[in-house]
Amino acid sequence: MLDTLTPTPTTAVEDPLAAAMRQVDVVIRARLSSRVALIDQISNYIINAGGKRIRPRLVLLFSEALGFDGPERLELAAIVEFIHTATLLHDDVVDESALRRGRATANAMFGNAASVLVGDFLYSRAFQMMVSVNRMRVLDVLADATNVIAEGEVLQLMNMHDADLAVDDYLRVIRFKTAKLFEASARLGAVLANASPGLEASCADFGRSLGTAFQLIDDLLDYEGNRDDLGKNIGDDLREGKPTLPLLVAMQRAGDSDREMIRHAIQQGEVNKLPQIIELVRRTGALDATRQAAQLEADKARAALAALPDSRARGALLNLTTQAVHRSS
Ligand code: GRG
C-alpha cells in the first residue's frame, strides 16, 4: 500500500496551493487590522516577514483531500497561522531570541511588553474568527490545542538545564508545544469536511507525526543548520540550556569527559564550547540519530495518509513528509 504513496520529487511539482494560499493571505491581511497603530505595526512586521505557512497548508490540503471547498477553510487557515504567530511572539520573549524569519525579532525591535501584548491580540483575534465560523467542534479542537501548547511550553521551562532529562519527556514536550498545532490543523480539514471519526483520527495522526518530525529537525538544525537559511541564530538551544535530542543522544554515546562537557553546558546554558559540542553531536552520530527519529515520524505520517482517497492534495501532503525531514529552513 505504501508503495503507492511514494512522494513525488518536489522540484517536479508545481505548488498546487498557490491560488488558495493567496486567498488565505487576503484573509490574514483583512483580519490583522486594528484601530491601535502599534498592533498594526507589529503584527504586520512579523506577518510580512513571511514564514513557511505550513499549518495553513495542512488545513487547505486536508479539506481539499476530503472534498470541502467552502470559504471557512480560508478562515481556519488564517486562524492557525495567527495562533502560530502568537506563539512565536511569546516564544521569542521567553527565549530572549534576537533573530526570526531573517529579521530582528519583534521583541528586539519593539520590546518584550509590546511583543507579548500583540501576541495576545493575535491569539484573541483567532478566537473571534473561530466564533465567526460558528462550529463548536472548531472551537473545541483549537481551545484544546492552544491549552496543550501552553502546557508544553511550561513543561519545557521545567526541563531547562536538566541534563538527565529522559528522551520520552523530551518527546512529550515537542508533541505538546509543536505537534499539537500541526495535529489540530490537519484535524480541522477533516472537521470541515464532516469526515467520519476514524478518518478524522487518521488526519490528526498525520499532523501529530509530521509536527514531531518537524520539531526534531528544528532541534537538529540548531546544531547543523546555517543562520542564513534558517533566518535565526544557531546555538540558541544550548544558550538556554535546552536538553534536545542531539544533546541527549550525544551524552549517551560520549566518553566521560565529553559527557561532562555537555552536562556542564546544559546546566550552565554555556555556549563557549559550542564548536566542540557541534563536533561531538556530529561525531557520536547524534545528529544522524535525530534525523532517523524524524524519518520514523515522517514514515508514520505517510502511513496515516493511506486512509485518504488518492488525490492531488494527498500527493502534496506526501511531499510535506519528505520536506519536513530534508529541510534546511
Ligand atoms: C499563545 C497559545 C499560546 C501559547 C504561548 C510560547 C508558547 C506558549 C508556545 C511556543 C510554541 C513554539 C514556538 C513552538 C515551536 C514551534 C516551531 C517549530 C516554530 C517554528 O515554526 P516554522 O518553522 O516557522 O513553521 P515559520 O517562520 O516558517 O512560520
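Helices, here, are DSSP runs of H or I with at least four residues, numbered from the N terminus. In this predicted model, two such elements, helix H7 (136-159) and helix H8 (167-192), each supply at least two residues to the lining of the largest cavity, and H8 gives the largest share, four residues.

**The cavities**

The structure holds three cavities of 30 Å³ or more, and the two described below are the largest, with about 90 Å³ of space, and the second largest, with about 50 Å³.

| Cavity | Volume | Nonpolar lining residues | Polar lining residues | Charged lining residues |
|---|---|---|---|---|
| Largest | about 90 Å³ | five | three | three |
| Second largest | about 50 Å³ | five | one | four |

**Lining of the largest cavity**

The residues that line the largest cavity include Gln 156 and Asn 159, together with Leu 165, Tyr 170, Val 173, Ile 174 and Lys 177, and the lining also takes in Asp 219, Lys 242, Pro 243 and Thr 244. Sorted by character, this lining divides into five nonpolar, three polar and three charged residues.

**Lining of the second largest cavity**

Around the second largest cavity lie Tyr 45, Ile 46, Ala 49 and Asp 92, as well as Arg 100, Arg 101, Arg 103, Ala 104, Thr 105 and Ala 106. Two elements, helix H2 (37-48) and strand E2 (103-104), give two or more residues each to this lining. Its residues divide into five nonpolar, one polar and four charged, with Asp 92 and Arg 100 among the residues that line the cavity.

Conventions
Residues numbered from 1 in each chain as written. Predicted model: local features only at pLDDT ≥ 70, side-chain atom pairs only at ≥ 80, totals over all residues. Heavy atoms only, no water. 1 Å grid on protein atoms, 1.4 Å probe; cavity = no way out; pocket = protein on both sides within 12 Å on 5 of 7 lines; lining within 4 Å. Points joined across faces, edges and corners; volume = space filled by probe spheres on them. Nonpolar A, V, L, I, M, F, W, Y, C, P; charged D, E, K, R; others polar.
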